Amino acid sequence: MSIAAIRTPVAGALLSVVGEQLRVPLVGGGETRYANLDYGATAPALSAVAERITRVLPYYGSVHRGSGLPARVSTALYEQARGTVARFAGARPDDAVVFTRNTTDALNLLASAVPAGAGDVVFLDSEHHANLLPWRRGPHRELAVAPTLEETLARLGDALAAAPVALVAITGASNVTGELLPLERVVALAHGAGARVVVDAAQLAPHRRVDLARIGADYLALSGHKLYAPYGSGVLIGRSDWLDAAPPYLAGGGAVRDVTAEDVVWHDGPARHEAGTPNLLGAVALAAACDALDELAPGALEAHEASLRELLLARLTRIPGVRVARIWSDSRDAIGTVAFTVEGWEPAHVGAYLSAEHGVGVRDGRFCAHQLLARLGLGPARAGALRASFGVGTSVEDVERLADALERLVRDGSRWAYAPGPDGWAPVGDDRPLPELLA
């Protein structure tokens, strides 16, 4: 596909996001509109989400506590949000929906609920640390990814046949390269061996329609701050039996039915693991983002990101010394995330240059996936890679500005001097003013 053929369908953003017209200063003077290509770390809030929060704030009150109107409204909004998120994720009628702080929190909750003696937890060494470190605390087997998806699935099948497995923990989409895994095939392998499956959907849910029931997985975890609702909420959705049998994740008010000097009677259901004052605004924001994404025409999000990714890859392949990272040689689909390196330049140096001279924001480093970066030959000595990630607020102009800046860097170098420091690379004598709110 030619670049000219790609441009038209994605010329503008798909949905309005907060900060879409943010102006940022450049070194040496001047300013430009910020090109946010760091959605994979934290996505901006949808404008519809921020508007919803503004409407809810006057009614903010205690959830499940209090008889005043704000408390009653807040309780209703919180439980409505639970239902909205369940529908968005394709939850089954009897699935539990537990609000958490983020995906990391949700996966740690599930790790605390895996029954003792049920078998190992199996996962790949390419996982984000959120879906790797919690499982190491109990019986587990960590599988090395193979050069191809087919070989990787074969290794998973062998592991499932070798010894009892309680749970397979798998990511839906790589946070480094954006590559998608065949989740239904993973579920079929796991269920055939009597194991359950949890999907880390932190990167998948903002970019692809997720249907837990169709996939057949047992659990799914996601974060609001990846899903255009950065208000401190995440969710764990899935089978209730393990969660009801597990000790409460937090001990405190809201999780109990009764407390005496001799005993505590804990709630079943989501309340068992939601002790303390719930994050009402986080839950409402997450539900509002789910509603907004659900209103998009079928296939619109996928087409938007696919054309932007095609454009970026087409531009990057023309720049000498730029190498795009891939996990598997036979992967066929990916979300709007591209990791790459620039020969002769440290990733953090390039990231500082892109921000200071072009107003482009990307991520550099090892992306909380250190073992995967090492496997790709981008470990500590290489200081990782760069990652451009985009979503509903990304335009063609954003992608082209990144590519133009990289072409200029490779051809002419930077026009400003940069040096590493305690907080990473930065312009020497950085003269960019900070926002007044930092005063």
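## Arg-401 and the overall fold

Arg-401 lies in helix 13, which covers residues 396–412. The structure described here is a predicted model.

Is Arg-401 buried or exposed? Its relative accessibility is 12%, and a residue under 20% is classed as buried, so Arg-401 counts as buried. Apart from residues within four places of it in sequence, Arg-401 is in contact with Thr-32, Arg-33, Tyr-34 and Ala-35, and also with His-358, Gly-359 and Val-360.

The wider setting of this residue is the protein chain, which contains 13 helices and 19 strands. Of its 439 residues, 54% count as buried. Among contacts in the protein chain with a separation of 6 or more, 71% join residues that are 24 or more positions apart.

How does the radius of gyration of the protein chain agree with that of a compact globule, and what are the two values? For 439 residues, a compact globule would have a radius of gyration near 22 Å; the protein chain has 23 Å, which agrees. The following table lists further values for the chain.

| Property of the protein chain | Value |
|---|---|
| Span of the C-alpha trace along the principal axes | about 75 × 55 × 45 Å |
| Exposed area | about 18600 Å² |
| Share of the exposed area supplied by carbon and sulfur atoms | 54% |
| Distance between the mean positions of positive and negative charges | 2 Å |

The charges in the last row comprise 40 positive and 49 negative ones.

Terms used:
Residues are numbered from 1 along each chain as its sequence is written. This is a predicted model: local features need pLDDT of at least 70, side-chain atom pairs count only at pLDDT 80 or more; totals for chains, interfaces and linings use all residues. Side-chain values use heavy atoms; hydrogens and water are left out. Helices (H or I, at least four residues) and strands (E, at least two) are DSSP runs, numbered from the N terminus. The radius of gyration is taken over C-alpha atoms; the globule rule is 2.2 Å times the number of residues to the power 0.38. Buried means under 20% relative accessible area, exposed over 50%, partly exposed in between (1.4 Å probe, protein chains only). Contact means heavy atoms within 4.5 Å. Accessible areas come from the Shrake-Rupley method with a 1.4 Å probe; for residues, only the protein chains shown count as cover. Lys and Arg count as positive and Asp and Glu as negative; His and the chain ends are not counted. The place of a charge is taken as NZ of Lys, CZ of Arg, CG of Asp or CD of Glu.
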